[in-house]
Amino acid sequence: MKNKRMDIYDLKVKPIERIESASQDQVLKLVTEARRPLIFSGLSSDFEFLNQWNLDFFETLDSMVPVQEPEPDGVNYFIKYNRIPIKDFVSRIRAGENLYIGAREIMKNLGERSDKDGLGELATKLKVPAWVDRSLIYSANLWVGAGNNHTLLHYDPWNSILMLAEGKKDFIVLPEKETPKVYPYGVFNFRSLYLGKVLHSKIRPLTVQKRYQERFSKAEGFRGSVAAGEMIFIPAGFWHYVKSSNLNIGINFFVHTKDRSIHLSQPLRSYWIKDNITLWPVRMIWKWKSRLFRTIRYFFPKNPGVRAS
């Protein structure tokens with residue numbers, strides 16, 4: 001394996017379990033307690049507001065949003081962003097550009113409005129499903145892509161619930177026990193932390209590096225596709241890669257898990273160390289850089305004669 005070209009689709013996988021027409025109580029129990037990926041159908045009525053969330057609708061917004069372009073290997077690594085008017089984003093993907101709005105925040109902790117990514121206006125139009133415990137919400141996020149969007153291999157430290165309104169997403173999910181085989185960045189790798197590689201694997205999913213192939217090829221997981229009107233649940237700490245096809249629009253909730261014992265296992269144990277210890281000096285540097293940038297912009301605005309407020 002180590003001498004041939006390899007991508008993440010070469011891994012041994014089994015189908016993600018599909019659940020149809022579950023009751024509200026069943027959905028609540030599963031998305032709160034399950035430690036396996038699940039795909040649900042029959043829940044689109046809980047997300048009726050998404051029927052209005054299309055390109056025409058986004059074009060009416062005046063927001064400035066962070067947007068990604070893929071790296072040379074075709075993958076979005078969630079590191080580099082350009083903040084542009086969402087109207088420009090819409091016109092550019094209609095013109096064929098491969099741009100991506102990925103995990104941009106609409107709501108923050110407890111389901112409160114967030115204006116961090118310029119999408120707070122959507123919080124007034126978003127209805128949280130009854131089976132989502134609002135007290136456990138970490139964030140609600142918008143996902144929009146032109147198609148042929150590929151994410152990095154990563155995990156999230158919260159349970160993820162994603163409903164797709166348009167398009168198709170193909171998921172490969174690796175359970176937490178496979179962590180040693182996916183080469184995560186270490187807790188004391190300050191360079192990677194500074195670059196924002198907190199939840200990342202070192203693996204390039206579409207062109208797996210030869211030095212990682214032997215061990216990575218032994219990882220086993222799940223694969224499944226989600227179409228418009230379907231929802232996927234991915235437990236906290238499970239590694240996943242996502243390919244989005246055609247114009248794709250969706251929303252996800254990151255939700256805290258009630259079972260704190262899972263943070264004793266990798267990769268969530270490493271995330272706890274990063275979040276509570278090693279990321280603190282990095283965050284201070286980010287804050288200083290942000291203040292410096294704002295100061296420079298104040299004295300040297302892009303539009304001469306217009307001071308930043």
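These questions and answers walk through a predicted model of one chain.

Visitor: How many helices and strands are there in the chain?
Guide: The model is predicted. Its chain holds both kinds of element. The count is 6 helices and 12 strands.

Visitor: What radius of gyration does the chain have, and what would a compact globule have?
Guide: The chain has 309 residues. A compact globule of that length would come out near 19 Å. The chain agrees with that, at 20 Å.

Visitor: What does the C-alpha trace span along its principal axes?
Guide: Three spans describe the C-alpha trace, one per principal axis. They are about 60 × 45 × 40 Å.

Visitor: What share of the residues counts as buried?
Guide: A residue is buried when its relative accessible area is under 20%. Across the 309 residues of the chain, the share is 49%.

Visitor: Among contacts between residues at least 6 apart in sequence, what share joins residues at least 24 apart?
Guide: A contact here means heavy atoms within 4.5 Å. Pairs at least 6 apart in sequence form the pool. Those at least 24 apart make up 80%.

Visitor: What part of the accessible surface belongs to carbon and sulfur atoms?
Guide: The accessible surface of the chain is about 15400 Å². The part from carbon and sulfur atoms is 52%.

Visitor: How many positive and negative side chains are there, and how far apart do the centres of the two sets lie?
Guide: The chain carries 47 positive side chains and 32 negative ones. Each set has its own centre. The separation of the two centres is 9 Å.

Visitor: How many residues of strand β12 are buried?
Guide: Strand β12 covers residues 239-255. It is mostly covered. Of its 17 residues, the buried ones number 13.

Visitor: In what sense do β7 and β12 pair, and which residue stands opposite A140?
Guide: Strand β7 takes in residues 137-145. It is joined to β12 over 8 bridges, in the antiparallel sense. Opposite A140, in β12, stands F253.

Visitor: How many bridges join β9 to β12, and what is the bridge partner of M163?
Guide: Strand β9 spans residues 159-174 and runs antiparallel to β12. The two are joined by 14 bridges. In β12, M163 has as its bridge partner I251.

Visitor: Which residue of β12 stands opposite H150?
Guide: Strand β8 is residues 149-150. It runs antiparallel to β12, with 2 bridges between them. Opposite H150 is K243.

Visitor: Which residues of β11 point one way, and which the other?
Guide: In a regular strand, side chains alternate between the two faces of the sheet. Strand β11 is residues 231-234, and all four named here are buried. M231 and F233 point one way; the other way point I232 and I234.

Visitor: In β11, what is the bridge partner of L162?
Guide: Strand β11 is joined to β3 by 3 antiparallel bridges, and L38 stands opposite F233 there. Strand β9 also runs antiparallel to β11, with 4 bridges. For L162, the partner in β11 is I232.

Visitor: Is S41 buried or exposed?
Guide: S41 is found in strand β3, residues 38-41. Beyond its neighbours within four places, it is in contact with I19, E20, S21 and E230. Its relative accessibility is 19%, and the cut-off is under 20%. So S41 counts as buried.

Visitor: How far apart are the C-alpha atoms of D7 and L162?
Guide: D7 is found in the segment before β1. At 24% relative accessibility, it counts as partly exposed. Leaving out residues up to four places away, D7 touches P205, L206 and V208. L162 is 155 residues along the chain from D7, and their C-alpha atoms are separated by 25 Å.

Visitor: What is the phi of S21, and what is that of N148?
Guide: Most residues other than glycine have a negative phi. S21, exposed at 63% relative accessibility, is in the loop between β2 and α1. N148, partly exposed at 46%, is in the loop between β7 and β8. Both values are positive: S21 is near 50°, and N148 is near 60°.

Visitor: Which residues does a cis peptide bond join?
Guide: Most peptide bonds are trans. Here omega is about 5°. P267 lies in the loop between β12 and α6. The cis bond joins Q266 and P267.

Notes
Residues are numbered from 1 along each chain as its sequence is written. This is a predicted model: local features need pLDDT of at least 70, side-chain atom pairs count only at pLDDT 80 or more; totals for chains, interfaces and linings use all residues. Side-chain values use heavy atoms; hydrogens and water are left out. The radius of gyration is taken over C-alpha atoms; the globule rule is 2.2 Å times the number of residues to the power 0.38. Buried means under 20% relative accessible area, exposed over 50%, partly exposed in between (1.4 Å probe, protein chains only). Accessible areas come from the Shrake-Rupley method with a 1.4 Å probe; for residues, only the protein chains shown count as cover. Lys and Arg count as positive and Asp and Glu as negative; His and the chain ends are not counted. The place of a charge is taken as NZ of Lys, CZ of Arg, CG of Asp or CD of Glu. Two strands pair if DSSP finds at least two bridges between them.
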